[in-house]
Amino acid sequence: MADDELLFADADAALDDADYVIFGAPFDQTVSHRSGTSGAPASIRKESYNFETYLYEYDIDLTTIAIHDAGDLPEQPNVRSALEKVFQFTKQLKIKNKFPVMLGGEHSLTLGAVKGISALSQDDDLPTAVLVLDAHLDYRREYESERFSHACITRRLAEVVGTKNVVPIGIRSMSGEEHRDALTDDLKYYDMATVNEMGMKTLLEDVMDELGEARLYLSVDMDVLDPAYAPGVGNPEPYGLKPQDIKTCIEVIASKLVGFDIMELSPPYDNGNTAALAGRFVRSLIALRSR
Ligand code: MN
Ligand code: MN
């Protein structure tokens, strides 16, 4: 079986029966440095077979959880049609009350998933809030004349869910203009110095207090990790998070989440370990939510 036909390990439930739906969104047309994210879903699926089905810390076996892998969305000719595909697919999943797990693809696609989730007012009127783990602020107005570039995703998200409902964490890179705009717009972000000072757990408890009740979406740009742990990304940025920080994050907020994505993994620069991490995050998150 070719890699691109492989399902995520233990994701063999039928769509109708599933509580969790994993899907790939292979797209990398607005990437700014080194490309390759379109191969990420296949690479994460491949590494997902490295792990035990049983997660002893949480006393959960993933084979007892209804997980469906929907495969990849068809690759699109431009970012707008890719966003539309992700939007429609995620919205359908929410209508069917499934928990979406998107394997990117470039970070720009998070906008489609968040729109798909927040398009439904459902039975409550809670705001949608997005935690963005990222080395970069991604708060440019546009990048190389493209508003929907991956370098603008946090700003585009803020326009959809409101600036106070977007929380970037692990930041250590931004342009001067992004810095000024973030101050002007009162975008509250937690940079690496703050993460190191507060610790992830305390920091997240702070974030939760500020956000209050909200539908919470978690977007992980893999470059938030230190390149020592996750070399397979398009824009490696030193001084980053440890894998344990993301594990802690998942442990603190898993039960509050309505959607999750892992973006910007770039297999051509990976030795497999970045994809293994990504696969492990997905497995931990699903196990924790299912306890
Ligand atoms: Mn980034
Ligand atoms: Mn990003």
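## The first manganese site

The manganese ion (ligand 1) is coordinated by D134 (OD), H136 (ND1), D221 (OD), D223 (OD) and D223 (OD), at 2.1 to 2.5 Å. The model that holds this site is predicted. D223 is listed twice among the donors of the manganese ion (ligand 1). Read along the sequence, the donor residues of the manganese ion (ligand 1) follow the spacing D-x1-H-x84-D-x1-D.

D221 and D223 are both buried. For D221 the relative accessible area is 2%. This value puts D221 in the buried class because buried means under 20% relative accessible area.

## The second manganese site

Which residues coordinate the manganese ion (ligand 2)? The donors are H107 (ND1), D134 (OD), D138 (OD) and D221 (OD), and they lie at 2.1 to 2.2 Å. The spacing of these donor residues in sequence is H-x26-D-x3-D-x82-D.

D134 and D221 link distant parts of the chain, being 87 residues apart. D134 sits in the loop between β6 (128-133) and α4 (153-161), whereas D221 is in strand β9 (residues 215-221).

## How the two ions are joined

The manganese ion (ligand 1) and the manganese ion (ligand 2) are 3.3 Å apart. D134 forms a bridge, since D134 coordinates both ions. D221 also appears in the donor list of the manganese ion (ligand 1) and in that of the manganese ion (ligand 2).

Is D134 buried or exposed? D134 has 0% relative accessibility, so D134 counts as buried.

## R215 in strand β9

Strand β9 covers residues 215-221 and contains D221. R215 lies in strand β9 as well. At 7% relative accessibility, R215 counts as buried.

The side chain of R215 has a polar atom 3.1 Å from the backbone oxygen of L126.

## Helices α3 and α4

Helix α3 spans residues 110-118. The axes of α3 and α4 come within 10 Å of each other and cross at roughly 15°. Angles under 35 degrees count as roughly parallel, so α3 and α4 are roughly parallel to each other. Their crossing is right-handed.

Which residues meet where α3 and α4 are in contact? On the α3 side they are T110, L111, V114, K115 and S118. On the α4 side they are I153, R156, L157, V160 and V161.

## Backbone exceptions

Most residues other than glycine have a negative phi, and most peptide bonds are trans. The model has exceptions of both kinds. The peptide bond from G104 to G105 is cis, with omega near 5°. G105 is found in the loop between β5 (99-104) and α3.

Two residues have a positive phi without being glycine. D186 has a phi of about 60° and lies in the loop between α5 (176-185) and β8 (190-191). With a relative accessible area of 62%, D186 is exposed. Y239 has a phi near 70°, and its place is the loop between β9 and α8 (243-253). Y239 is exposed too, with a relative accessible area of 70%.

## D181 in helix α5

D181 is found in helix α5. Is D181 buried or exposed? D181 counts as buried, at 8% relative accessibility.

Residues up to four places away in sequence are left out of the contact list for D181. On that basis, D181 touches Y139, R141 and R155.

## M198 in helix α6

M198 lies in helix α6 (residues 192-198). The relative accessible area of M198 is 26%, so M198 is partly exposed. Apart from neighbours within four places in sequence, M198 is in contact with L203 and D206.

How many residues separate M198 and D245 in sequence? M198 and D245 are 47 residues apart in sequence, and their C-alpha atoms are 12 Å apart in space.

Terms used: Residues numbered from 1 in each chain as written. Chains lettered and ligands numbered in written order. Predicted model: local features only at pLDDT ≥ 70, side-chain atom pairs only at ≥ 80, totals over all residues. Heavy atoms only, no water. Donors = N, O, S within 2.8 Å, 3.2 Å for Na, K, Ca; no water. Helix = DSSP H or I, 4+ residues; strand = E, 2+ residues; numbered from the N terminus. Buried < 20%, exposed > 50% of the residue type's maximum accessible area, 1.4 Å probe, protein only. Polar contact = N/O pair within 3.5 Å; in protein donor to acceptor, adjacent residues only side chain to side chain. Axes fitted to C-alpha atoms, helices over the stretch in contact; angles between N-to-C directions. Parallel < 35°, antiparallel > 145°, perpendicular 65-115°, else oblique. Left-handed = near helix turned anticlockwise from the far one by under 90°. Contact = heavy atoms within 4.5 Å.
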